[in-house]
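I set out to record how the helices pack, where nonpolar side chains gather and how the aromatic rings pair. The entries below follow that order.

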Amino acid sequence: MAALLHIIRRLSNIPVLVASAALFILMVMTFCDVVLRSVFNAPIEAATELTRILMAILVFAVLPVVSSRNDHIAVDLTDGIFARLRLSHIRDGIIFIGSGIMLYWPIKRVYVLAERARDYGDVTEYLAIPQFYVGWFITVFTAIAAVAMIVTGILHFVAPHLLTERRT
């Protein structure tokens, strides 16, 4: 089990690299757009739609990694109480499993919207990129996040020691 988690941790770097590449492309495109707009009065026409697509890639590519590593923003008002009662793993397990299950509804809705865009033949304004690709990307990575959260929640109950990454 530990070897499988080690492999999964290594593979989780791939979406982070995809998000990093999207961020880098977004930064270069924004820089070029500003320079072209200011100096030559010739902005990049498709900058807005590329920004939307790259932001979706950026956010949803790292969603499974951020969620399963518990790196999201959290309010810790009750952490002291749960730590004193030694119930932190139970609380975390319930929250992870509940959150993973609740992601079913956004997954279902985005999938319906992506299929609707595919059926209608919706494309972006300047580059004519089919919009359903972005919807499918969001659906797939949100589903991966849901599975990752449920598995992490189960691990909180059965093997919490596997959740800590050991440096060797």
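**Entry 1: helix packing**

I began with helix α3 (residues 47–68) and helix α7 (residues 132–158), whose axes come within 7 Å and cross at roughly 10°. I note that the model is predicted. Angles under 35 degrees count as roughly parallel, and α3 and α7 are therefore roughly parallel to each other.

I then listed the residues that make this contact. From α3 they are I53, A56, I57, F60, A61, L63, P64, S67 and S68. From α7 they are V134, F137, I138, F141, T142, I144, A145, A148, M149 and T152. I sorted the residues of the contact of α3 with α7 by character and found 15 nonpolar, four polar and no charged.

**Entry 2: nonpolar cores**

I next asked which residues make up the largest nonpolar core. I found six residues in all: F96, L103, I107, A145, A146 and M149. To this core α7 gives the most, with three residues.

I looked further at A145. Leaving aside residues up to four places away in sequence, A145 touches L63, P64 and L103. I recorded that A145 belongs to the largest core and is also listed in the contact of α7 with α3. M149 likewise appears in that core and in that contact.

I also found a second, separate core of five residues, among them L26, M29, A47 and L54.

**Entry 3: aromatic pairs**

I turned to the rings and counted five aromatic pairs. In one of them, F132 and Y133, the ring centres are 4.5 Å apart and the planes stand at 45°, so the pair is tilted. The tilted class applies because the angle is neither under 30 degrees, which would be stacked, nor over 60, which would be edge-to-face.

I checked the accessibility of both partners. F132 has 12% relative accessibility and counts as buried, whereas Y133, with a relative accessible area of 47%, is partly exposed.

Y133 also pairs with W136, and I asked how far apart the centres of these two rings lie. The distance is 6.4 Å centre to centre with 70° between the planes, and the pair is edge-to-face. Both Y133 and W136 lie in helix α7, three residues apart, about one turn of the helix. W136 counts as partly exposed, at 32% relative accessibility.

I closed the entry by noting that ring pairs link F132, Y133 and W136 into a cluster.

Key: Residues are numbered from 1 along each chain as its sequence is written. This is a predicted model: local features need pLDDT of at least 70, side-chain atom pairs count only at pLDDT 80 or more; totals for chains, interfaces and linings use all residues. Side-chain values use heavy atoms; hydrogens and water are left out. Axes are lines fitted to C-alpha atoms, for helices over the stretch in contact, and angles run from 0 to 180 degrees between N-to-C directions. Helices (H or I, at least four residues) and strands (E, at least two) are DSSP runs, numbered from the N terminus. Angles under 35 degrees count as roughly parallel, over 145 as roughly antiparallel, 65 to 115 as roughly perpendicular and the rest as oblique. Contact means heavy atoms within 4.5 Å. Ala, Val, Leu, Ile, Met, Phe, Trp, Tyr, Cys and Pro count as nonpolar, Asp, Glu, Lys and Arg as charged, and the others, Gly among them, as polar. A nonpolar core is a set of buried Ala, Val, Leu, Ile, Met, Phe, Trp, Tyr and Cys residues joined through side-chain atoms within 4.5 Å. Buried means under 20% relative accessible area, exposed over 50%, partly exposed in between (1.4 Å probe, protein chains only). Rings of Phe, Tyr and Trp (its six-membered ring) pair if their centres lie within 6.5 Å; planes under 30 degrees apart count as stacked, over 60 as edge-to-face and the rest as tilted.
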